[in-house]
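Here are some notes to read alongside the structure, for anyone opening it for the first time. They go from how the chains meet, to how helices pack, to what lies around the DNA.

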Number of protein chains: 2
Amino acid sequence: MRIGQLSADCDCPVETIRYYEKIGLLPQAVRRANGYRSYDEMHRKWLQFILRSRALGFSQDEVRQLTDLAHQQRPACADVYELLDAHINDVQTKIRELKRMRLALSRLQAQCHDGTLHDCPVIDELMG
Amino acid sequence: MRIGQLSADCDCPVETIRYYEKIGLLPQAVRRANGYRSYDEMHRKWLQFILRSRALGFSQDEVRQLTDLAHQQRPACADVYELLDAHINDVQTKIRELKRMRLALSRLQAQCHDGTLHDCPVIDELMG
DNA sequence: GCTAGACCCTGTAGTTACTACAAGGTCAAG
DNA sequence: CTTGACCTTGTAGTAACTACAGGGTCTAGC
């Protein structure tokens with residue numbers, strides 16, 4: 001199949017597919033006589049893998065590690081587990097930070113009066 | 001004071017201060033005869049404002065809107081409230097997304113056996 | 001046969017919010 | 001008079017794409 005088809009199948013922009021190939025995340029496509037990229041099922045699976053990993057918040061580098069592991073004929077489960085674990089911790093940390101942020105914002109918002117006044121305590125607060 | 005002093009006072013890298021000036025977030029510093037930037041209390045307050053807003057997760061563009069509002073002699077509280085509200089919603093959405101992500105990752109992790117096996121169901125799962 | 005339109009190609013520049021140099025000028029202390 | 005800390009500018013790098021510009025290719029309709 002051509003790149004447009006793969007793009008439609010995986011719901012991923014054409015540019016992104018080319019980009020993943022360029023940075024070596026996706027294996028090189030076979031080229032037809034006219035220079036067009038040609039893909040098969042194997043490519044589709046790789047791309048799915050990458051897209052799912054990205055959707056789970058893995059960075060490009062982490063995805064690369066995952067694809068490297070998956071590329072081995074006998075991927076070691078322990079390595080995958082480790083990557084997964086580190087990433088879950090990252091996500092956990094981000095959630096905690098955002099929650100702290102939300103609390104601070106709510107506190108700030110609580111200082112607003114009904115919105116009819118012209119003096120804004122929020123700005124004063126941020127100004128220190 | 002010079003830029004190094006401001007940097008130390010606000011715990012913000014020198015480069016970042018120059019960067020904020022360059023993109024117009026921070027008002028231009030007065031220049032001394034030797035070309036060095038010179039700052040006063042007003043600048044320190046602006047920078048604090050920017051740093052606090054950024055720490056609360058406001059984007060550069062949102063910070064710009066906030067500073068624009070703060071710049072008015074009679075900032076309208078309602079406008080500030082609106083910005084704050086939109087941002088709290090953004091943060092809320094991010095938290096929800098990360099929680100969903102965490103759940104998916106935990107499910108994936110649960111498929112790992114004790115880590116001694118060589119076949120990895122996690123990779124199979126991502127591969128689809 | 002020809003042209004319109006859909007598809008494909010490469011390469012470069014833009015995005016966000018900085019960070020990290022490189023190459024040089026200024027100034028106070030020893 | 002030199003050493004070192006500080007300052008200046010400008011450019012390039014980061015993540016992870018996205019958006020062109022300027023072309024080539026192929027198919028369908030007239």
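1. Let's start with the meeting of the two protein chains, keeping in mind that this is a predicted model. On chain B, 43 residues are in contact with 43 residues of chain A. Four helices of chain B each put at least two residues into the side that touches chain A: α3 (41–55), α4 (60–71), α5 (77–110) and α6 (121–127). Which of them gives the largest share? That is α5(B), with 20 residues. By class, this side of chain B splits into 26 nonpolar, eleven polar and six charged residues.

2. Now for how the copies are arranged. Chain B superposes on chain A after a rotation of 180° with 0.0 Å of shift along the axis, at an RMSD of 0.1 Å. The two copies are therefore related as by a two-fold rotation axis. If you want a landmark for that axis in chain B, look for Ile95(B): its C-alpha is the nearest one, 2.8 Å away.

3. Do the copies meet through the same surface or different ones? The same one, because 100% of the interface residues of chain B are also interface residues in chain A.

4. Have a look inside chain B next, at α1(B) and α3(B). These two helices pack at an angle of about 45°, and their axes are 11 Å apart. That angle is why α1(B) counts as oblique to α3(B). The crossing of α1(B) past α3(B) is right-handed. From α1(B), the residues Leu6(B), Asp9(B) and Cys10(B) meet His43(B), Arg44(B), Leu47(B), Gln48(B) and Leu51(B) of α3(B). Sorted by class, this contact has four nonpolar, two polar and two charged residues.

5. Chain A has its own version to check. Here the axes of α1(A) and α3(A), residues 41–55, come within 11 Å and cross at roughly 45°, which makes α1(A) oblique to α3(A). Again, α1(A) passes α3(A) in a right-handed crossing. Leu6(A), Asp9(A) and Cys10(A) are the α1(A) residues here, and they meet His43(A), Arg44(A), Leu47(A), Gln48(A) and Leu51(A) in α3(A). The class split of this contact is four nonpolar, two polar and two charged.

6. On to the DNA, beginning with strand C. There are 17 residues around DNA strand C, and those that come nearest are Gly4(A), Arg37(A), Asn34(B), Ser59(B) and Gln60(B). Helices from both chains take part: α1 (3–10) and α2 of chain A, plus α2 and α4 of chain B, each supply at least two residues of the surface near this strand. Which helix gives the most? It is α2(B), with three residues. The surface near DNA strand C divides into five nonpolar, six polar and six charged residues.

7. Finally, DNA strand D. Around DNA strand D there are 17 residues, with Asn34(A), Ser59(A), Gln60(A), Gly4(B) and Arg37(B) coming nearest. On the chain A side, α2 (14–22) and α4 (60–71) each supply at least two residues of the nearby surface, and on the chain B side so do α1 (3–10) and α2 (14–22). For this strand, α2(A) gives the most, with three residues. In terms of class, the surface near DNA strand D has five nonpolar, six polar and six charged residues.

Terms used: Residues are numbered from 1 along each chain as its sequence is written. Chains are lettered from A and ligands numbered from 1 in the order in which they are written. This is a predicted model: local features need pLDDT of at least 70, side-chain atom pairs count only at pLDDT 80 or more; totals for chains, interfaces and linings use all residues. A residue is near a molecule or strand if its C-beta atom, placed from the backbone, lies within 6 Å of it. Ala, Val, Leu, Ile, Met, Phe, Trp, Tyr, Cys and Pro count as nonpolar, Asp, Glu, Lys and Arg as charged, and the others, Gly among them, as polar. Two residues are in contact if their C-beta atoms, placed from the backbone, lie within 7 Å. Axes are lines fitted to C-alpha atoms, for helices over the stretch in contact, and angles run from 0 to 180 degrees between N-to-C directions. Angles under 35 degrees count as roughly parallel, over 145 as roughly antiparallel, 65 to 115 as roughly perpendicular and the rest as oblique. A crossing is left-handed if the near helix is turned anticlockwise from the far one by less than a right angle, and right-handed if clockwise. Copies are superposed by least squares on the C-alpha atoms of residues with pLDDT of at least 70 in both.
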